[in-house]
Amino acid sequence: MPLSLTVAAESTHHLYPLISDLGLILMTAGVAVLLFKKIKQPLVLGYLIAGFLAGNNFDFFPSVKDTHSVEVWAEIGVIFLLFSLGLEFSFKKLMKVGGTAGITATVQIVTMILLGYLVGRWMNWSQMDSIFLGAILSMSSTTIILRAFDELNVKGRKFAGIVFGALIVEDIVAILLMVLLSTIAVSQQFSGTELFDSVLKLVFFLILWFIGGIFFIPTLLKKAKNLLTQETLLICSLALCLMMVILATEVGFSPALGAFIMGSIIAETTQAERIEHLIKPVKDLFGAVFFVSVGMLINLDTLVEYSVPVLIITLLTILGKSTSSALGAMISGQPLRQSVQTGMSLAQIGEFSFIIATLGMSLKVTSDFLYPIVVAVSAITTFTTPFLIKAATPFAEFLQKKLPRKWVRAIDIYSSNAQSIKSLSTWQKFIRSSLTQVVIHSVIIIAIILLSSRFILPIVEDSKFGNAIAAIITLVIISPFLWAISLRRVAVEEVDLLRQERRYKGPLVMIILFKMALALFYIGFVLNNFFSPGIAFIALVIAITTYILFPKQLHLLYNRIENHFLKNYNDREIAVEKRRRRDLTPWDGHMADFEIAKESNLAGKTLEELQLREKTGINIAFIKRGEISINVPSRNERLFPGDEIHVIGTDDQIKEFKSFLDKNEQEPSENNTGSDNIVLQKLELKNEFFIGKSIRESQIREKTSGLVVGIERNGRRMLNPDSHLVLEDGDILWVVGDKTLLASLEQC
């Protein structure tokens with residue numbers, strides 16, 4: 001046999017299990033998608049069942065042969081899944097979630113980690129299984145909640161905003177947990193020092209990657225904007241994702257963390273929506289493979305053996321997450337009703353829970369039974385989530401009736417007082433700004449010093465003045481940041497106010513001196529890395545002198561760097577962000593936005609004619625029409641198709657308004673025959689009724705619901721004739737209209 005044929009035969013032999021396994025996975029996943037779409041259940045559950053059928057634990061169905069290849073695909077699926085979550089996440093959203101979502105998520109996460117660990121130990125599980133169980137139970141499912149909110153049409157309710165904010169906080173905590181769990185699993189110890197080092201390392205790289213990413217990546221995408229077709233943008237975004245995956249792996253983090261970080265960086269660019277749209281099919285494909293691979297690990301024998309733990313953990317998930325989330329929302333100042341709705345919406349586990357469970361298996365620190373138990377609990381809580389969300393409002397009303405009146409009144413008073421505290425004190429604002437300035441610039445300076453010693457110094461150290469050259473290059477690069485950390489003023493208005501009070505003058509001076517001392521420390525740190533202590537001291541004096549002589553140049557250079565960063569950071573918000581004034585809503589009111597549909601009967605009517613406040617109880621705060629914002633519109637303002645109206649009201653009022661909008665959308669009439677019934681037809685004019693009349697007078701348009709688009713007269717053709725043209729005997733008309741009406745006209 002020729003060599004080429006032999007190689008081809010061998011390639012086919014090695015490729016066959018790969019193709020057959022992928023075909024089996026996608027076929028079972030495809031059937032599951034169609035079935036679960038039909039019965040209106042989350043697709044994740046269908047993937048899990050498809051995986052069970054295709055796995056080796058089910059004997060009555062073809063099974064996957066090469067499980068190693070499936071594991072590789074599943075790892076790719078996790079990368080793209082987290083990249084997509086990062087695109088929806090963005091650090092800017094985390095900064096805007098507010099205290100309510102942060103407190104709710106924190107209370108829920110801490111409570112569930114503790115309860116999961118205690119219940120695991122109570123069931124005589126190992127310490128590592130119990131720790132992973134707590135981490136798994138602390139994460140809710142974004143996919144399942146979004147699906148349930150869509151189906152139940154509650155996205156505009158106030159508690160939904162709290163839930164979305166809590167999910168954002170959970171995403172970043174999940175990343176932190178993955179790092180901490182990896183550290184614990186590798187060391188098999190619970191040393192506080194090691195955990196602190198891991199957290200510090202994570203924070204350092206998160207800040208560094210985010211700042212560097214925002215500085216360079218949006219600029220790259222803007223410069224290449226004219227070259228970015230759909231194909232090139234997809235390739236470039238995947239390349240950036242995998243580049244960060246490699247970088248994260250190099251510094252000791254998981255690939256999933258790198259994918260998530262790059263997604264969150266790209267989420268701040270103006271191309272985020274396009275990339276999210278392009279990446280969705282890739283994410284869906286490999287995400288399906290990931291969830292199918294999760295389902296392949298389901299073992300019915302294990303589930304039967306551990307049916308009692310499955311039941312216990314399911315009850316713990318539903319009751320524990322509902323109660324802790326509701327308690328967190330209540331502590332943050334939310335009324336009883338919204339707190340209960342928030343808690344019962346978060347009572348499930350999902351994507352990150354699977355990823356954390358996968359982490360435990362890949363590190364070989366958790367038992368084999370944990371994974372199928374987690375899958376079973378996720379499947380059950382997926383089914384219960386819509387019912388819990390539906391039952392939340394009646395249950396909250398039941399609690400209000402059954403709880404002692406003193407308790408209900410105390411909750412209302414606490415909620416009212418907590419929501420009235422919206423602003424930080426002047427001193428707190430100054431401290432927060434100063435701390436942010438010190439942390440961010442310290443990270444940048446330390447990163448530059450480390451990179452310089454690793455890459456610049458080896459290049460020049462063989463020359464006579466190699467160390468001096470490396471030190472000078474490093475100092476020049478970090479000089480604008482040294483100026484910013486020591487001399488740049490922050491929170492200027494707050495500082496001016498604080499200086500007027502005698503008790504703050506001393507602390508202000510101490511903070512300024514501390515920042516200057518920190519800048520000197522970094523200069524000394526650089527010089528000490530490249531010189532002996534004696535020479536370093538002389539170089540320090542020279543560096544400080546130079547630093548004092550050129551403050552304006554450093555100021556201009558730093559401002560240029562900062563403005564470039566801020567422009568990249570705010571580009572997307574300026575381009576696409578819809579302004580939502582959440583501070584305009586007192587008590588239990590909140591703001592929701594709706595769009596006037598093209599088919600709406602409300603279009604073209606004034607607000608006075610519609611009487612929305614009288615009919616539904618809502619107020620329109622402003623109308624967004626393209627790039628124009630109409631604040632507090634007058635009664636004479638009309639609504640137009642495509643208008644985004646931002647309304648203020650309670651949950652019940654907004655629900656009533658949504659129903660009002662739906663009722664006023666026009667339904668297709670029975671007489672609407674569709675575009676297939678519209679034809680171009682030739683009519684020879686013989687009817688005396690039409691002869692001698694103009695096209696308008698003939699009323700052909702009214703009789704045929706059509707247009708005269710052409711006339712042939714004595715061999716001459718006229719396209720789109722004037723409506724005043726007089727029709728003559730023998731004219732041939734070309735009419736676009738309703739087929740049935742044209743046929744009746746021919747018979748006239």
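This report describes a predicted model of a protein chain, from its overall make-up to its sheet, salt bridges and selected residues.

## Overall make-up

The protein chain has 748 residues, and 47% of them count as buried. Its secondary structure comprises 30 helices and eight strands. The accessible surface of the chain is about 39800 Å², with 62% of that area belonging to carbon and sulfur atoms. For contacts between residues at least 6 apart in sequence, 79% join residues at least 24 apart.

## The four-stranded sheet

Strands of a sheet pair through backbone hydrogen bonds, in either a parallel or an antiparallel manner. In this model, an open sheet is built from four strands in the order S5-S8-S6-S7, with antiparallel pairing. Strand S5 (678-684) and strand S7 (716-719) are the edge strands, each pairing on one side only. From one strand to the next, the twist averages 20°.

The pairings can be followed across the sheet in its order. S5 and S8 are antiparallel and pair over seven bridges. Leu683 has Leu733 in S8 as its bridge partner. S6 and S8 also run antiparallel, joined by five bridges, and Gly710 stands opposite Trp734 in S8. Strand S6, residues 707-713, is joined to S7 by four bridges, again in the antiparallel sense. Glu712 stands opposite Arg717 in S7.

Strand S8 covers residues 732-738 and is mostly covered, with five of its seven residues buried.

## Salt bridges

Side chains of opposite charge can pair when their charged atoms come close. The structure holds six salt bridges. Three of them are listed here, with the distance between nitrogen and oxygen.

| Salt bridge | N to O distance |
|---|---|
| Lys283 and Asp284 | 3.5 Å |
| Glu637 and Arg625 | 3.4 Å |
| Arg713 and Glu728 | 3.5 Å |

The side chains of Glu637 and Arg625 meet at 3.4 Å, N to O. Glu637 lies in the loop between strand S3 (628-631) and strand S4 (644-649), and Arg625 lies in strand S2 (residues 619-625), so the pair ties together parts that are twelve residues apart in sequence. Arg625 counts as partly exposed because its relative accessibility is 25%.

The pair of Arg713 and Glu728 involves the sheet described above, and the closest N and O atoms are 3.5 Å apart. Arg713 lies in strand S6 and Glu728 in the loop between S7 and S8, so this salt bridge ties together parts that are 15 residues apart in sequence. The two partners fall into separate accessibility classes: Arg713 counts as buried at 11% relative accessibility, whereas Glu728 counts as partly exposed at 38%.

Lys283 and Asp284 belong to a network of salt bridges that also includes Lys280. Lys283 is buried, with a relative accessible area of 17%. Asp284, in contrast, is partly exposed, with a relative accessible area of 31%.

## Selected helix residues

Val340 is located in helix H15, which spans residues 336-345. Val340 counts as buried because its relative accessibility is 5%, below the 20% cut-off. Leaving aside residues up to four places away in sequence, Val340 touches Ala326, Ala392, Phe395, Ala396 and Leu399. The C-alpha atom of Val340 is also 9.7 Å from that of Glu397, a residue 57 positions apart from Val340 along the chain.

Val476 belongs to helix H20 (residues 466-486). With a relative accessibility of 53%, over the 50% cut-off, Val476 counts as exposed. Val476 and Leu554 are separated by 78 residues in sequence, and their C-alpha atoms are 9.9 Å apart in space.

## A nonpolar surface patch

A nonpolar patch on the surface is formed by Leu487, Val509, Met510, Ile512, Leu513 and Met516. Together these residues have about 530 Å² of accessible area. One of them, Met516, lies in helix H22 (residues 502-530). Met516 counts as partly exposed because its relative accessibility is 33%. This value meets the requirement for patch residues, which is over 30% relative accessible area.

Notes
Residues are numbered from 1 along each chain as its sequence is written. This is a predicted model: local features need pLDDT of at least 70, side-chain atom pairs count only at pLDDT 80 or more; totals for chains, interfaces and linings use all residues. Side-chain values use heavy atoms; hydrogens and water are left out. Patches are made of residues with over 30% relative accessible area and no salt bridge: like charges are joined within 9 Å, nonpolar side chains (Val, Leu, Ile, Met, Phe, Trp, Tyr) within 5 Å. Accessible areas come from the Shrake-Rupley method with a 1.4 Å probe; for residues, only the protein chains shown count as cover. A salt bridge is a side-chain nitrogen of Lys or Arg within 4 Å of a carboxyl oxygen of Asp or Glu. Helices (H or I, at least four residues) and strands (E, at least two) are DSSP runs, numbered from the N terminus. Buried means under 20% relative accessible area, exposed over 50%, partly exposed in between (1.4 Å probe, protein chains only). Contact means heavy atoms within 4.5 Å. Two strands pair if DSSP finds at least two bridges between them. Axes are lines fitted to C-alpha atoms, for helices over the stretch in contact, and angles run from 0 to 180 degrees between N-to-C directions.
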